[in-house]
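User: Please go through the cysteines and one of the sheets with me, keeping the criteria explicit.

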Amino acid sequence: MHRLLASRRSFSPMLAILATASSFAACAPWDLGEDEPPQIDDPGSVAVAAEPPPAISGGTLAVSRSAVRAVAADPDRDRVWIIDLEAQKLTAEIVLEKGDEPGRVVEDDAGRFHVALRRGGAVVTIDAESGKVVDRRDACPAPRGIAYDAQTDQLHVACLGGELVTLPAGPGAATRRLQLERDLRDVIVDGDRLLVSKFRAAELLTVEADGSIAGRESLPQFDLFGQVFAPTVAWRTLPLPTGGVAMVHQRALIAPVEIVEGGYSSGGCDGSIVHSTVSELGTAAPDGLLKLSAALPSATLPVDLAISEDGASYAVVAAGRNEVLVTSPASLSQNVEVGFEQGTCMEPQHRVMVDGEPTAVAFAGDAVIVQTREPASLQVLALDGVSRNRVITLPGESRRDTGHEMFHKNASGSMACASCHPEGGEDGHTWVFNPIGPRRTQFVSGGILNTAPFHWDGDMSGIEAIMSEVFERRMGGMHQGPRRVKVFARWIDSLPAPPVSSAPDKDAVARGEALFHDKTVDCARCHAGAQLTSNESFDVGTGKAFQVPSLVRIGARAPFMHDGCATTLKDRFTKAACGGGDMHGKTSHLSDAQLDDLVAFLETL
């Protein structure tokens with residue numbers, strides 16, 4: 001039965017799609033073809049937010065240890081909400097700076113709440129009793145995870161650029177800054193060690209007290225009905241009450257994907273080439289066995305995870321379906337023989353529809369509390385299947401935007417664009433499309449609609465072609481009219497590139513920049529302009545002509561090249577069979593030190 005379902009409906013990475021981009025002069029300044037702007041209160045209209053909202057990041061809700069107060073960060077409105085859960089009312093609205101994009105929230109032993117500002121580059125400290133910000137301190141350009149260490153009364157902040165920053169919970173500047181690896185996500189205190197997750201790789205680093213990386217734990221591959229999936233995109237990682245951590249993440253198909261009418265062919269339990277699950281790390285299986293987690297069917301975009309105090313329940317936000325799934329760890333976990341990673345699908349014990357667009361979840365005692373971005377609210381879920389959710393309405397202005405909705409949802413499929421382009425980026429995965437070949441998912445932030453055509457192969461003339469061929473034909477999505485396509489393009493074009501971290505060696509960057517623009521090296525001939533691309537296709541010794549990709553934030557987008565053959569930027573220059581040799585920039589005469597300088601410059605783009 002599972003095979004039959006899989007053969008009938010399956011989907012793909014939406015914007016493996018936007019390899020480079022397309023100009024939309026015809027849309028500028030986003031003329032929707034109407035005399036008046038759409039009315040948000042008209043259910044049949046297309047909604048366009050005055051300022052395009054950010055992509056969903058999830059995990060923005062914390063409940064106090066006493067379970068009487070919730071603190072919800074709102075990246076859509078640059079607000080923090082404080083809610084009395086017993087009285088079920090808002091007690092404080094905290095206005096942050098425009099563009100701060102508040103994210104993770106943590107409580108300390110003094111009852112203060114600390115919020116990581118994803119684009120504000122700082123941590124704000126809030127006194128929940130007064131509802132006031134009492135401190136704001138620089139952390140790093142792009143804070144992601146934050147944890148409180150009760151033993152030392154310190155905060156640890158994990159950053160997109162690879163920084164791991166330690167600050168006092170009370171006033172004071174950072175006391176330690178480590179440079180680990182890019183793409184850090186969540187941080188967890190484990191005795192005198194720290195456990196740090198990596199977003200796209202779905203790995204867990206163990207960082208000792210001296211700052212050294214003592215271990216790296218990766219999740220196993222997963223064989224589902226003969227189709228093998230690899231772990232990707234760790235949306236949220238949390239400590240388990242009994243030790244170790246739980247990670248809600250996606251898995252992506254590594255077997256060849258057949259391009260067929262109505263959907264990419266796969267053997268997934270819901271017909272998708274991406275599925276979700278919750279895996280445990282740092283906990284041992286019996287000797288000779290491997291711990292493997294069952295797939296959660298139709299859990300599109302698992303952007304947040306909550307664990308009950310006793311560890312007996314998980315709650316997962318499926319943002320792509322406006323649902324919260326509640327299940328037990330025991331129902332997902334299975335021990336299998338090493339080398340026989342045969343997985344299963346497991347329907348959750350509860351699947352609750354949310355009134356609005358959920359982005360975060362937490363337990364308050366036995367209650368499951370959900371935060372929605374649009375409309376702004378907290379909801380206490382009813383798990384009996386009969387009662388209605390209790391809603392605490394928050395006063396934020398509407399941030400409904402049809403482009404945002406189209407990116408994060410697919411009404412007729414189990415995959416959304418954001419499944420492969422989380423937070424408007426990419427999943428780090430190389431897909432094998434039959435008959436096209438291996439194609440690395442590409443980045444869709446930073447104004448990529450300034451170049452054309454799309455795809456590594458340059459086979460999509462514009463966004464209309466993508467919506468017709470990829471979203472509708474390959475992903476099985478519903479037909480989108482021209483007005484909706486323009487609104488989608490407007491939102492995609494609004495996605496800013498992630499903040500970039502400062503270079504540790506500015507002299508090396510300057511030398512690398514000189515090499516990049518040196519005509520004997522010949523990088524800038526193709527990688528020029530605001531998007532650092534010529535918008536053309538060339539055979540650079542890699543077997544056929546491919547689109548020149550944008551180099552915007554290239555350092556954060558490993559692995560590199562159309563087939564992901566370069567694990568590091570330096571591999572692009574030193575692995576001739578991968579990078580194309582001197583047909584792809586003339587770098588064979590450069591010394592090892594010069595290549596390091598060139599990489600140092602590329603890391604800053």
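User: Is Cys417 buried or exposed, and what is its relative accessible area?

Analyst: The model is predicted, so local features need pLDDT of at least 70 and side-chain atom pairs count only at pLDDT 80 or more, while totals for chains, interfaces and linings use all residues. Residues are numbered from 1 along each chain as its sequence is written, and side-chain values use heavy atoms, with hydrogens and water left out. Buried means under 20% relative accessible area, exposed over 50%, and partly exposed in between, with a 1.4 Å probe and protein chains only. By that criterion Cys417 is buried, its relative accessible area being 1%.

User: Which cysteine sulfur is closest to that of Cys417, and how far away is it?

Analyst: A disulfide is a pair of cysteine sulfur atoms within 2.5 Å. The closest cysteine sulfur to that of Cys417 is too far for a bond, belonging to Cys420 at 9.1 Å.

User: Why is Cys526 not bonded to the closest cysteine sulfur?

Analyst: Cys526 is buried, with a relative accessible area of 15%. The closest cysteine sulfur, in Cys523, is too far from that of Cys526 for a bond, at 9.3 Å.

User: What is the handedness of the disulfide between Cys140 and Cys159?

Analyst: The sulfur atoms of Cys140 and Cys159 are joined at 2.0 Å. This pair links distant parts of the chain, 19 residues apart, with Cys140 in the loop between β8 and β9 (143-149) and Cys159 in strand β10 (residues 154-159). Cys140 counts as buried at 6% relative accessibility, and Cys159 is buried at 0%. Since the torsion about their S-S bond is about -95°, the disulfide of Cys140 and Cys159 is left-handed.

User: What is the handedness of the disulfide between Cys565 and Cys578?

Analyst: Here the sulfur atoms of Cys565 and Cys578 lie 1.9 Å apart. Because the torsion about the S-S bond of Cys565 and Cys578 is about 80°, this disulfide is right-handed.

User: Which strands stand at the edges of the open sheet β5-β6-β7-β8?

Analyst: Strands (E, at least two residues) and helices (H or I, at least four) are DSSP runs, numbered from the N terminus, and two strands pair if DSSP finds at least two bridges between them. The 4 strands of this open sheet follow the order β5-β6-β7-β8 with antiparallel pairing. One side of each edge strand is left without a neighbour in the sheet because each has a single partner strand, and these edge strands are β5 (102-107) and β8 (132-138).

User: How many bridges join β5 to β6?

Analyst: Among the residues involved, Pro102 has Leu117 in β6 as its bridge partner. Strands β5 and β6 (residues 112-117) run antiparallel, and the number of bridges joining them is 4.
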